Amino acid sequence: MSRHPEVLWAQRSDKVYLTISLPDAKDISVKCDPQGLFSFSAMGVQGESFDFSLELFGKIVPEGCKTNVGLRNIIYSIMKEEKGWWKRLLKSEEKPAPYIKVDWNKWCDEDDEDPNSDLASDDDDATYVGQEEESSDDEGLLYLPDLEKARGN
């Protein structure tokens, strides 16, 4: 019997991001149909089968879909056929399945969108696959030249 992994979603005016929480997934298969049908299947670490299909709100460009596979999740960047904000993820007005949730970490409102932002770029995939931004341990500390000025040297 097949199970559903947790699916988190967020959008930009030109893309939809799907993050599928499935650690150490194997045999990952995805189909993106121009009409907006997104199908996913994979095998879990203990051999269990996971799959789901989503009928997305709008049409997509299959050639513009990118995949980044991490240790804990799989992130899909799906290019919208027409630039614009979707009212919801799915075409159906029904409440989405309980395994589909909003990804508040990637969420961006229309008026907050950074035109240069691409969460699924090929160069920085490690920055959003479950890693936190590093904070500097020495924030607020005086460096040696500043310390000497403070002492009057």
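## Fold order

Walk along the sequence and you meet the pattern β-β-β-β-β-β-β-β-α. That makes 8 strands and 1 helix in the protein. Keep in mind that this is a predicted model.

Among contacts between residues at least 6 apart in sequence, 61% join residues at least 24 apart. Of the 153 residues, 31% are buried. The protein exposes about 10,200 Å², and carbon and sulfur atoms supply 47% of that area.

## The loop between strand 8 and helix 1

Strand 8 covers 100-102 and helix 1 covers 144-151, with Asp 109 in the loop between them. Cys 108 is found in that loop too, as are Glu 110 and Asp 112.

Which residues gather in a patch of negative charge on the surface? They are Asp 109, Glu 110, Asp 111 and Asp 112. Asp 109 is partly exposed, at 40% relative accessible area. Glu 110 comes in at 54% and counts as exposed, and Asp 112 is exposed as well, with 53%. Residues need over 30% relative accessible area to join a patch, so Asp 109 at 40% clears that bar.

Is Cys 108 buried or exposed? Cys 108 has a relative accessibility of 9%, so it counts as buried; the cut-off for that label is under 20%.

## What this loop sits beside

Three residues of the loop can be paired with residues from far back in the chain. Cys 108 and Ala 10 are 98 residues apart along the chain, yet their C-alpha atoms are separated by 7.5 Å. For Glu 110 and Gln 11, the chain separation is 99 residues and the C-alpha atoms are separated by 9.3 Å. Asp 112 and Arg 12 are 100 residues apart in sequence, with 9.8 Å from C-alpha to C-alpha.

On the early side of these pairs, strand 1 spans 6-11. On the late side, Glu 110 and Asp 112 both belong to the negative patch described above.

## Salt bridges

How many salt bridges does the structure hold? The count is 6, and three of them are worth a look here.

Glu 48 and Arg 3 meet through their side chains in a salt bridge, at 3.6 Å from N to O. This pair links distant parts of the chain, 45 residues apart: Glu 48 is in the loop between strand 4 (37-43) and strand 5 (49-55), while Arg 3 is in the segment before strand 1. Arg 3 is partly exposed, with 45% relative accessibility. Another bridge joins Lys 91 and Glu 55, whose closest N and O atoms are 3.9 Å apart. Lys 91 lies in the loop between strand 7 (73-80) and strand 8, and Glu 55 lies in strand 5, so the bridge ties together parts that are 36 residues apart in sequence. Both ends count as partly exposed: Lys 91 has 41% relative accessibility and Glu 55 has 46%.

The third bridge is between Asp 103 and Lys 106, with side chains meeting at 3.2 Å, N to O. Are the two ends buried or exposed? Asp 103 is buried at 5% relative accessible area, and Lys 106 also counts as buried, at 10%.

## Two aspartates with positive phi

Most residues other than glycine have a negative phi. Against that background, two aspartates are worth checking when you look at the backbone.

Asp 24 is not a glycine, but its phi is positive, at about 50°. Where does Asp 24 lie? Look in the loop between strand 2 (15-21) and strand 3 (26-32). At 40% relative accessibility, Asp 24 is partly exposed.

Asp 27 also has a positive phi, near 50°, in a residue other than glycine. Asp 27 lies in strand 3, whereas Asp 24 is in the loop between strand 2 and strand 3. Asp 27 counts as exposed, with a relative accessibility of 62%; the label calls for over 50%.

How values were computed:
Residues are numbered from 1 along each chain as its sequence is written. This is a predicted model: local features need pLDDT of at least 70, side-chain atom pairs count only at pLDDT 80 or more; totals for chains, interfaces and linings use all residues. Side-chain values use heavy atoms; hydrogens and water are left out. Helices (H or I, at least four residues) and strands (E, at least two) are DSSP runs, numbered from the N terminus. Buried means under 20% relative accessible area, exposed over 50%, partly exposed in between (1.4 Å probe, protein chains only). Contact means heavy atoms within 4.5 Å. Accessible areas come from the Shrake-Rupley method with a 1.4 Å probe; for residues, only the protein chains shown count as cover. Patches are made of residues with over 30% relative accessible area and no salt bridge: like charges are joined within 9 Å, nonpolar side chains (Val, Leu, Ile, Met, Phe, Trp, Tyr) within 5 Å. A salt bridge is a side-chain nitrogen of Lys or Arg within 4 Å of a carboxyl oxygen of Asp or Glu. Lys and Arg count as positive and Asp and Glu as negative; His and the chain ends are not counted. The place of a charge is taken as NZ of Lys, CZ of Arg, CG of Asp or CD of Glu.
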